[in-house]
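Biologist: Got the model open? I'd like to go through how the pieces pack.
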Amino acid sequence: MDWTPGGMSGDIEDRRESSGGFGGMGGGGIGIVGFVILLIISLITGRNYLGGVLSGGGSSSIREPARPGTGGAGNEKREVQLVSFVLDDVQKTWTQVFAAHGRTYRHAKLVLYRDVTYSGCGTAQASTGPFYCPEDEKVYIDLSFWNELKRFGGSTGDFAQAYVVAHELGHHVQKLLGIETRMRRLVQQDPEEKNHLSVDLELQADCLAGVWGHNTEQRNNNIHPEDVDEALKATAAVGDDHLQRMAGRAVSPERWTHGSSAQRSEWFRRGLQGGAVAGCSTFGGALAP
């Protein structure tokens with residue numbers, strides 16, 4: 001993928017030097033200071049910010065221990081520049097798409113952190129992988145995830161990393177269109193459908209990431225065939241069936257929350273080829289954008 005490195009996006013909140021083992025405890029813990037901050041926020045808001053992350057999406061269902069990072073904010077300069085470029089380009093795309101339909105797109109923020117931080121959905125931990133929190137409309141990414149993605153057999157090429165960012169922003173689009181809210185209502189009505197609906201939500205976010213890929217290619221002519229191969233390798237690496245096999249477990253579709261490798265690749269490809277939000281009706285039209 002062709003792109004021009006630049007400065008940090010104004011929509012990025014960089015917490016890499018204030019998260020992780022702050023407070024002197026290390027080891028991925030939030031430390032005394034972090035614990036007190038989260039406790040105070042919990043008491044004020046009535047929310048349990050000391051609990052686990054309440055998933056608002058995410059590019060995978062990885063629950064492995066966090067991998068070592070790339071070694072400090074300075075060594076991550078290019079990765080941050082890429083995330084910044086993709087973040088701005090994706091949000092430019094959705095601003096244009098929304099405007100074409102008489103809507104206003106509201107920018108999401110992207111939080112860079114290390115090991116652990118707080119979010120509007122609870123404690124954000126690197127072990128959960130990148131995720132979008134609909135409560136505060138922020139995407140959370142620990143850059144050590146690229147090590148995890150590679151370990152699970154995915155590509156960490158530029159367009160593969162761009163897919164991950166675009167997928168999470170796809171959840172933001174779902175929030176703005178009311179799809180995420182309607183999906184949660186359906187879950188409340190029929191809790192047994194929770195996993196099935198979660199898969200539909202995730203596959204739609206994959207498709208929306210593809211819509212961005214189609215759009216940026218049309219505007220910038222910056223996507224090459226090998227880039228698509230890298231992104232498809234990344235989608236396959238975070239499929240539920242693949243992760244279950246990697247964990248030494250039997251493949252159990254009834255426990256999927258994100259979709260199989262084949263499904264994730266297929267829906268990303270659909271968005272990439274069609275370039276239209278209307279083509280991302282993973283819910284069978286019930287929750288069409």
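Biologist: Which residues in helix 4 meet helix 7?
Modeller: This is a predicted model, to be clear. In it, Asp 158, Phe 159, Ala 160 and Tyr 163 are the helix 4 residues that meet helix 7. From helix 7 come Asp 227, Val 228, Glu 230, Ala 231, Ala 234 and Thr 235.
Biologist: And how do the residues of that contact divide into nonpolar, polar and charged?
Modeller: Six are nonpolar, one is polar and three are charged.
Biologist: OK, what angle do helix 4 and helix 7 pack at?
Modeller: About 50 degrees, and their axes are 7 Å apart. Angles under 35 degrees would count as roughly parallel and 65 to 115 as roughly perpendicular, so helix 4 and helix 7 are oblique to each other.
Biologist: Is the crossing right-handed or left-handed?
Modeller: Helix 4 and helix 7 cross right-handed.
Biologist: Switching to the sheet. What's the strand order?
Modeller: The order is 1-2-6-5, in an open sheet of four strands with mixed pairing.
Biologist: Which strands stand at the edges?
Modeller: Strand 1 (12-14) and strand 5 (131-133). Each has a single partner strand, so one side of each has no neighbour in the sheet.
Biologist: How many bridges join strand 1 to strand 2?
Modeller: Three, and the two strands run parallel. Strand 2 covers residues 109-112, and its Leu 110 stands opposite Ile 12.
Biologist: Which strands does helix 4 touch?
Modeller: Helix 4 (residues 158-177) packs on the sheet and touches strand 2, strand 5 and strand 6 (138-141). The direction of helix 4 makes about 25 degrees with that of strand 5.

Definitions and conventions: Residues numbered from 1 in each chain as written. Predicted model: local features only at pLDDT ≥ 70, side-chain atom pairs only at ≥ 80, totals over all residues. Heavy atoms only, no water. Pairing = 2+ DSSP bridges. Contact = heavy atoms within 4.5 Å. Axes fitted to C-alpha atoms, helices over the stretch in contact; angles between N-to-C directions. Parallel < 35°, antiparallel > 145°, perpendicular 65-115°, else oblique. Left-handed = near helix turned anticlockwise from the far one by under 90°. Nonpolar A, V, L, I, M, F, W, Y, C, P; charged D, E, K, R; others polar.
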